Amino acid sequence: MHQAKLYAATADPRTVATFKALVEAIVPNTPALAVFGAEQAAGAVELYVYEYMIWELDHSLALFLGTHLTIVPLSASTAGLLNSGAFQFVASGQAQHAPNHALWGSSPYAALSPADRIRVLAMLEELRVDLGLLPPPYKDDGGLITFIVDYLNRGTMFGFYSEWPAYGSTRLATPTVRRLEYFPIGWRQAGYPGVSLGYRALGGYLLTIVREGGESTIV
Amino acid sequence: MYDADVIVIGSGGGGAVAAKELGEKGLKVLVLEAGPFYGNKKWQNPNSERGGEWSSSYNDLDVGIYKKIYNSYENNMNDVVSGAFRFGPADRRRAPWHRVMRQKGDIWQVSGVGGTTQHYWSQSPRAFPQAIDHVWPISYRELVPYYEKAEATLPVQFSPTTPKEELFYYGAKKAGWSLIPTLDVVTPGYRPNPNAILRTNEHLMDPNYSMEQLTHMEGCTLRGHCVNGCTSGPSMDKIAKRSTLVSYIPLALKTGNVSIRPNSFTIKILTEQDPKEGLRATGVQFRDTWTGEIGELTAKTVVMAAGCIESPRLWLNSGLPFNPWVGRGLTNHYFDWVGGVFDEKDLMSILGTPSVYPYVGHTSGARVDIPGIGIFQVSCLSPGLMSFLTYGFSEAGYDALNPPEPGEPWDIRGRVVGPELKELMHNYSRTMTMLLLTDDEVRFSNRVEVDPLLKDENGPIPIVYYTPSPKTLQRRDQLARYACETLQQAGAKKIIRSDLPTGFLLHLESTMRMGFVTDTNCEAFQVKRLYIADNSVHFDGIGGPNPTLTTQALATRTADKLANKYFDHSIETDK
């Protein structure tokens, strides 16, 4: 089994639950949009975008430590950041909905309502938290927290609305061996026709540069 | 006794130009590139096998290999962690090369032959004359012959009109902007983008030619993949979008004087003390990214074109003499991004079509230039990239938690998440988006430095820090208002201002400024025979226009100056 796939299989349940909760809050399942077509309902959890986020965070940083270049996986610590944020959020009385106590033990972040999960992200990126209580490498590093919280948003959107989910059973393989297994759902939702060889859409030229004999003029 | 006349470090927007120009003068040139070489027989599977070491022949180029890799799928191509276009080693099993950023943002730089021009949108405007004259240590007039040469070589041509440009012109005209039919912009107005893209295929509108046929012919097919990898064209040197991989690199190889070594990360500039010249560059040390072996090459001169982050990093990691401006003065056009969602009936009455077709045509095809403020340009992307730039990437936080004041020209400012995001993305094909480029003021405090603790295999890693000046902020806000006005006039029903993060770095410039780190010929003050030929040598952000053409003009000029000073060639523009 490829290393990446192995990693996904062994990611701890708490990290997986936390990232599921994250991507669900950003790109949810939307039954109401099914009136525009059944494919419009699907959200980031059904399309495994939490696995995308875990994979990306675990493959984004390599540092030379001691004698060799070492991958520094960031998914578990980032899930820890969200859970610690959720804990502080609830403890300070900011939650607008009661947390789901059945989930609290496995992931405080996942126990929050989707709207409260977004409020936790806002609280973290505005650094309205006790930075000393966060797990490393985020502990006492406000700049890194603002960077990563912003990334969690755009990463989820890029994972969902790009072709990544359509790599299907190869989605966690090395990028060079991933293969598309179906037309991407996010593209279908957006009405994007996919990769095209061209479009017969020329509406003329407003201006043209004409180069003749070393001279150029604009017509 | 030397391995070459010139070593060029980096083969992107600037290095490839320097290599071609120097090779044409008959000088022996070695190019070291950290990333892969896509489209070359020496590297059949460049992302998974080491392949060869050097390429020195035009006949090595192979458009079949190129097209196989450039498959235009946005995640495969542009994922910053693992995409074919990323700043990292060729081996895609490995992590990218890290830069420390302690702020919101992202750095869009690409390693590989062609560098970041592999995914740039190819806007090739000249600087605003008023931003050069009496500001830069050289005049606009001095640059013009070099602009002309680079424009003719790429070549640069005005963009064609597709539905999104038509809608943009419609709004811009109604907002009171007039057409400026020029390359030398001295008054505000709108125009098609001067883009480094071949003219549209002359048979594109003829149904007797199939798309499959057209894609193997010369000319743009309006397929909308400037950013995800252009593949329209019959051969490497006739690909429609003119990254330096398909423009200057083939020309460089054609000279017979240029050899390119990809997968080679330069880690040190070698120098010696010369009794007459003082400290001077004599070569480089580089690390093979597949084997880790360290190589050394010597040359009479060295051209540094590693980009705005790696050039100062290389200076600092080489222990070259202290200069307070090395890595300092970073500008970045502090970007913003606005979008407008249109109703189908309005589009029908303006365009006669129900859609903006954001995926058709040049990625960016038209602009409004406002000297003294900046530029806004219609820029439309595939859904993954568009979704996060429009709704997921913001200095302003979440729109729902902090909605705009009534009376602002935007309905949404900041990120949109949850069901509202899904609804907006459902309108993707009726959304027109624009990139805003601000005339950015130089600040000493904006910088690239190296981390005192963290290292990768190539040495201490860069830390990048950027925060705009009050004047830059003011101009950017004005620019956002102008752009929203054009959207409003075009009839947009909902207007979104992303308020992109300060650290979204696309047009990095001026970290090795002319007049501070180099003389006006782009030779380092403190290290003779060491030249700089990337965006870092710009004096500033050139007033807001996209920087690549100015780098290419300067690299052409630098090749002239270098060959004149050390190899006794006459200056081309004096002929």
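Let's start just past helix α7 of chain A. The residue that follows α7(A) is L127(A), and its phi is positive, near 60°. Keep in mind that this is a predicted model.

Now the helix itself. α7 of chain A runs over residues 114-125, 12 residues in total. From first C-alpha to last, α7(A) reaches 17 Å. The expected figure at 1.5 Å a residue is 16 Å, so the two are close.

Is α7(A) mostly covered or mostly open? Mostly covered: nine of its 12 residues are buried. Charged side chains are on that list too: D116(A), R117(A), R119(A) and E125(A). The others are I118(A), V120(A), L121(A), M123(A) and L124(A).

What do the buried residues of α7(A) pack against? Four helices of chain A: α2 (13-26), α4 (75-91), α6 (108-111) and α8 (142-161). One reminder on helices. With 3.6 residues a turn, residues three or four places apart point the same way.

Next, the contact between the chains. Chain B puts in 75 residues, and chain A puts in 62 residues. Which element of chain B gives the most to that side? Helix α12, residues 419-426, with six residues. By class, the side of chain B that touches chain A has 33 nonpolar, 25 polar and 17 charged residues.

On to chain B as a whole. Chain B has 14 helices and 20 strands. The C-alpha trace spans about 75 × 55 × 50 Å along its principal axes. The radius of gyration of chain B is 23 Å. For 575 residues, a compact globule would come out near 25 Å, so the value agrees. Of those 575 residues, 63% count as buried. Now take contacts in chain B between residues at least 6 apart in sequence: 72% of them join residues at least 24 apart.

Last, the domains of chain B. Domain 1 is assembled from 1-120, 243-330, 508-543 and 561-575. Domain 2 is 198-240. Domain 3 combines 336-442 with 461-505.

Look at domains 1 and 2 of chain B. Their centres, over C-alpha atoms, are 29 Å apart. In the contact, 15 residues of domain 1 of chain B meet nine residues of domain 2 of chain B. On the domain 1 side, α2 (63-69) and α3 (74-78) of chain B each supply at least two residues. That side of domain 1 of chain B has eight nonpolar, five polar and two charged residues.

That's the tour.

Conventions: Residues are numbered from 1 along each chain as its sequence is written. Chains are lettered from A and ligands numbered from 1 in the order in which they are written. This is a predicted model: local features need pLDDT of at least 70, side-chain atom pairs count only at pLDDT 80 or more; totals for chains, interfaces and linings use all residues. The radius of gyration is taken over C-alpha atoms; the globule rule is 2.2 Å times the number of residues to the power 0.38. A residue is buried if 20 or more other C-beta atoms lie within 10 Å of its own, exposed if 12 or fewer, and partly exposed in between; C-beta atoms are placed from the backbone. Two residues are in contact if their C-beta atoms, placed from the backbone, lie within 7 Å. Domain bounds come from an automatic or database domain assignment. The expected span of a helix is 1.5 Å times one less than its number of residues.
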